[in-house]
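Okay, thanks for squeezing me in, everyone. Let me put the structure up and then walk you through one helix and its surroundings.

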Amino acid sequence: SGKSTTARHLVTRLRSAGVAVTPVEHNGHDLGHPAASDYAAELVALKRRTHHFPFEILGDLHWALIRASYYALVDRFVVAPALSRGEVAVADGWYHKFLARVRASGCAMDTELLERIFGVVRAPDVVLVLDTPPELAAVRKQDFNGAEYGVGHVRGDHRAVFARYQSEVRHQLMVMAGGRDWHRIASAGEPPEEIADRAMEVLTRTGLLPRPALSTALREGAR
């Protein structure tokens with residue numbers, strides 16, 4: 001989907017507009033504190049075991065708690081300090097994609113329980129949903145991991161299986177967005193720079209950025 005690249009371009013545009021920004025990398029573990037960073041790296045390693053491990057045997061509650069613990073740690077050491085300094089924290093991913101994946105996989109866990117678990121983690125003030133058709137993402141994607149196919153073994157064409165599962169994940173995200181004040185940015189393979197420009201427009205409409213700041217950022221991005 002190119003969300004990480006788009007997030008980097010968005011950070012550049014915000015800084016060009018004079019906005020103090022702290023980037024928050026999805027699955028990043030540099031928390032600015034040696035011991036906390038080591039601990040976060042271990043949590044990330046546990047999360048990534050879902051790529052090559054029959055994670056369903058451990059139960060959904062286990063994986064939900066690991067992810068909630070990770071995001072709580074990032075909030076404590078990265079997001080909260082940035083906000084206390086008056087900065088904007090831009091994350092290229094938060095816990096919502098995990099919730100959508102759990103629901104897309106037919107999780108038996110109570111939805112309200114999931115909401116309570118992640119309800120203790122800071123919710124973003126603004127959520128931008130980069131909506132790329134799964135079929136297009138499958139064509140562009142070079143490497144796949146097991147967690148991107150859903151629960152069970154992959155049979156048949158990997159790209160087709162990926163597209164089917166991610167279509168259901170997308171559906172779940174759209175359902176979640178319908179009950180929240182999220183902002184969908186449709187993407188059909190446009191360059192990340194163009195998507196970042198659209199994100200800047202959304203941030204201006206939400207009142208996070210003044211319009212002069214938007215104009216300055218777009219001029220800087222066009223250079």
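I'll start with the helix, go on to the core, and finish with a residue in a loop.

One caution before that: this is a predicted model.

So, α3, residues 60–84. How far apart should its ends be? At 1.5 Å a residue, its 25 residues should span 36 Å, and the end C-alpha atoms sit 34 Å apart, so the two agree. Do look along the helix, though, and you'll find a kink of about 45° centred on D75.

Now, the inside. As a rule, nonpolar side chains in soluble globular proteins tend to be buried together. Here the largest nonpolar core has 36 residues, and the ones touching the most other members are V74, W94 and F118. Which elements feed into that core? Those giving two or more residues are α2, α3, α4, α5 and α7, and α3 gives the most, with 10. If you click on V74, and skip anything up to four places away in sequence, you'll see V24, L31, V79 and W94 touching V74. There's also another core lying apart from that one, with 16 residues, including V19 and I185.

Last stop, the end of the helix. Just after α3, G86 takes a positive phi of about 80°. Then comes E87, in the loop between α3 and β2. Buried or exposed? E87 has a relative accessible area of 19%, and the cut-off for buried is under 20%, so E87 counts as buried. Its side chain makes a polar contact with the R85 side chain, at 3.1 Å. Beyond its sequence neighbours within four places, E87 is in contact with A20, V21, T22 and A82.

How values were computed:
Residues are numbered from 1 along each chain as its sequence is written. This is a predicted model: local features need pLDDT of at least 70, side-chain atom pairs count only at pLDDT 80 or more; totals for chains, interfaces and linings use all residues. Side-chain values use heavy atoms; hydrogens and water are left out. Helices (H or I, at least four residues) and strands (E, at least two) are DSSP runs, numbered from the N terminus. Buried means under 20% relative accessible area, exposed over 50%, partly exposed in between (1.4 Å probe, protein chains only). A polar contact is a pair of N or O atoms within 3.5 Å; within protein, one must be able to donate a hydrogen and the other to accept it, and residues adjacent in sequence count only if both atoms are side-chain atoms. Contact means heavy atoms within 4.5 Å. A nonpolar core is a set of buried Ala, Val, Leu, Ile, Met, Phe, Trp, Tyr and Cys residues joined through side-chain atoms within 4.5 Å. The expected span of a helix is 1.5 Å times one less than its number of residues. The bend at a residue is the angle between axes fitted to the seven residues ending there and the seven starting there.
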